[in-house]
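Student: Could you take me through one part of this model in detail, and then place that part in its wider setting? I would like a connected account rather than a list.

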Amino acid sequence: MSDFTNAIEIQGITKKYDGFTLDNISFNVPRGSIMGFVGQNGAGKTTTIRSILNIIPIDSGKISLLGMDHLKNEEEIKERIAVVFDEMPFHDLFTAKDMGRIFKGLYQKWSDQTFQQFMERFQLPMNKKLGKFSKGMKMKMQIACALSHEAELLIMDEATTGLDPVVRSEILDIFLEYLQDEDHSILMSSHITSDLEKIADSVTFIDKGRILLSGYKDEILDSHGILKCTKRDYKDLDPEDFISARLTDFGAEALVSDRAAVARKYSGAVIDPASLDEIMVYYVNKGKKEWS
Amino acid sequence: MKAARIRALVFKELKLSKKAIIINTLIVVGAAALGWLFMLSSICGNLRRINDLNVKSEIYNIFRLAIPYAACCTLGGFVPNHTSDVNAGWFRYSVGLPQNTWEIAASKLIVLVIRLIIAVVISTVDQIVLGAMYHKSFSLEFFPKLFILVDLFLLSIILETVFVLSERTPDGVKKGSAKYTAAVCAVTMGATLLIMKKYMTVIRKYAMENETTGFSNMLPPDMVRDLNSVVEKLQIISIPLALLILGIIFVMTAKRLKVREK
C-alpha cells in the first residue's frame, strides 16, 4: 500500500469563468477521514470536484489524489477512486446486471460478490431497467457500484440531496461502515449541513469560489458560538471579535470564532453553540459584517 | 485488462444501439423485400402488370443501389450513442472511470464495423436475390462497388466526429448535430450542383430529343459513360480506402473525446 498522509491535496486551484472564479482553493482531506465540503448553491463545490476529477481543466494549481499527481497518474488513480453524483449517470435502459457487467470489465478489483451483497442489502432488483428506479434506488445503485471495486477514495457531489430522511440515514450509515477501514477516505460536498454534522471529521466552507473556513468539525463547533446581546451592547463589541452579526428588532446575534476568549473579554455575555448551518450563514455574510 | 475494458465498452455501446440496429435492420430488409415482391409480380410504377424484361431491369437497377445506400445510412453513426451518453450524464461520469479515450474510440469503432457488416450482409443478400430473379448471377465485383457507397458513408462519420463528438452538454450536442446535418446537406448540394452544372445542357438536349422511359434511360449516354468510368476507377481503391477512413475515424474519435468541458 502506498504511503501518503492526505487522500486529497489541493493547492491554489484557480478556474475562471465569465462571472465566476474559483479563486486559490486549497485544502487537504486526511487519509482515513471524511471531509464535508459545504457551500450554498453556486458557491463552487461542483466546480471544485470537477477540477479534482479532471472533468474540467484548471487554470493553475496542483491537485494530488492518493499521493499521486491527478494528471500524470490519471489511470491508476481512477482504478482506486469512486465517484457519486447527485443524479444517477447510468442510461435508463440498462439494468443493474448490465452495469455490473460493464464495471467488471472496467475495474481490475471489481467484485461481483460485493456488488451482489449491496444489491441485496439495498433490496434493488438486478433485472429491472434503471429508468424505473426511484430517486433513492438510483442513489443506492450508484453507491453499490462505487463500493464494489475496493475504492480507497470516495468523491461525492451532493449525493444525499433530494433524498428522504430514511434513505439519507441509511446511506450515511454505509459511509460510516466504509470508513471503518482507515485507508478509506471520503470527500462529500453538500449544502445539507445536518448530514455532515453526523459523519464528517473535517469541514471546508466555500462561498463565491473562495474558501471561507477549513478545519476539524469538532474544533470548529467547539470554538464558534453565537453571541446574543442587545443593540446597545452590540455597539460596544469590537468588530475584530466577531465574524458577522445579524441585527434584529430586538438585538444582535454575532458569530464569534473564539468562544472562550470572547467570553473572557465580555463577561456575562450569552454565547450559544453554533451549528454548521449557522456558521456557514454567518461566514457567507462576513463581507457585509452586519446583516438582517 | 485493456481487452476486458474494450469488451465492457463494446457491450455498453451495443446495448445502447441494440434497439436501433434491430429496427433499422427490419426496415431495410422490409424495403429489400418490397423490391423482391415487385420483381416477382413484374409490377411497374403505375401498377400495371407488364411482363417486360425492361421493367425488371428498372427494379433491379433501382433497388441494387437503393438498398445498400439505405443499409449504410440506417445502420451506422456515432451521434445517437454520444447524445445518450451526454444526456444521461454518463459522459461526465465516465471521466472518473479507469478508461482512456483510445479504448472508448476502439469500442465505438468495433460497433461501427459490426453495424457495417450487417449493412454489407443485407446488401449482398439483396443483390443475390434480386440477381436470381433477374437471372443475373452474383459477381464478386459487387463488393468493390458496394464499398464506394460505404466510403461515402464513412466520410459522413468523419463529419460527425468533427461536429458532435467534442460536445459535452445536451445543448451542445443539439447544436453540433445541426451543424453536422448542415455540413452534409451543403456537401451533397454542392456535389449535385457541380454535376448539374457539368451535364445540364446535355440532360436538357437528351430529354428533348428522346421520350425516356425507365431509370436507366433517363441519363444521357455520355453522363452514364463518365459515371461508369468514375466507378471503375474508385472500385479499385474502395476497400483499402474504407480501411483508411476507419483508421482516420478511430484517431479523430479518440482525440475529440479527449476534449474536456470548459
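Tutor: Two strands are said to pair if DSSP finds at least two bridges between them. With that in hand, the part to look at is strand β8 of chain A, residues 185-190, in what is a predicted model. In β8(A), Met188(A) is the bridge partner of Gly36(A), and this contact belongs to a set of 5 bridges by which strand β3 (residues 34-38) of chain A is joined to β8(A), the two running parallel. Strand β7 (residues 153-157) of chain A also pairs with β8(A) in the parallel sense, again over 5 bridges, and here Ile186(A) of β8(A) is the bridge partner of Leu154(A). Between β7(A) and β8(A) the chain passes through helix α6 (residues 165-178) of chain A, making a β-α-β crossover that is right-handed.

The surroundings of the strand can be read from burial, for which a residue needs 20 or more other C-beta atoms within 10 Å of its own. Because 6 of the 6 residues of β8(A) are buried, the strand is largely enclosed by the rest of the structure. Both of its faces are covered, with Ser185(A), Leu187(A) and Ser189(A) buried on one side and Ile186(A), Met188(A) and Ser190(A) buried on the other.

Chain B provides the wider setting, and its make-up is helical, with 8 helices and 0 strands. Of its 262 residues, buried ones make up 30%, and among the contacts in chain B with a separation of 6 or more, 82% are between residues 24 or more positions apart. One of its helices, α6 (residues 142-163) of chain B, has 22 residues that should span 32 Å at 1.5 Å a residue, which agrees with the 33 Å between its end C-alpha atoms. The buried residues of α6(B) include Leu146(B), Phe147(B), Val150(B), Phe153(B), Leu154(B) and Ile157(B), and Glu160(B) and Thr161(B) are also among them.

The two chains meet where 24 residues of chain B are in contact with 24 residues of chain A. On the side of chain B that touches chain A, at least two residues each are supplied by α1 (2-41), α3 (79-88) and α4 (90-94) of chain B, and α1(B) gives the largest share, 8 residues. By class, that side of chain B has 11 nonpolar, 5 polar and 8 charged residues.

Key:
Residues numbered from 1 in each chain as written. Chains lettered and ligands numbered in written order. Predicted model: local features only at pLDDT ≥ 70, side-chain atom pairs only at ≥ 80, totals over all residues. Helix = DSSP H or I, 4+ residues; strand = E, 2+ residues; numbered from the N terminus. Expected span 1.5 Å × (residues − 1). Buried ≥ 20, exposed ≤ 12 C-beta atoms within 10 Å, placed from the backbone. Contact = placed C-beta atoms within 7 Å. Nonpolar A, V, L, I, M, F, W, Y, C, P; charged D, E, K, R; others polar. Right-handed = clockwise from strand over helix to strand, strands pointing away.
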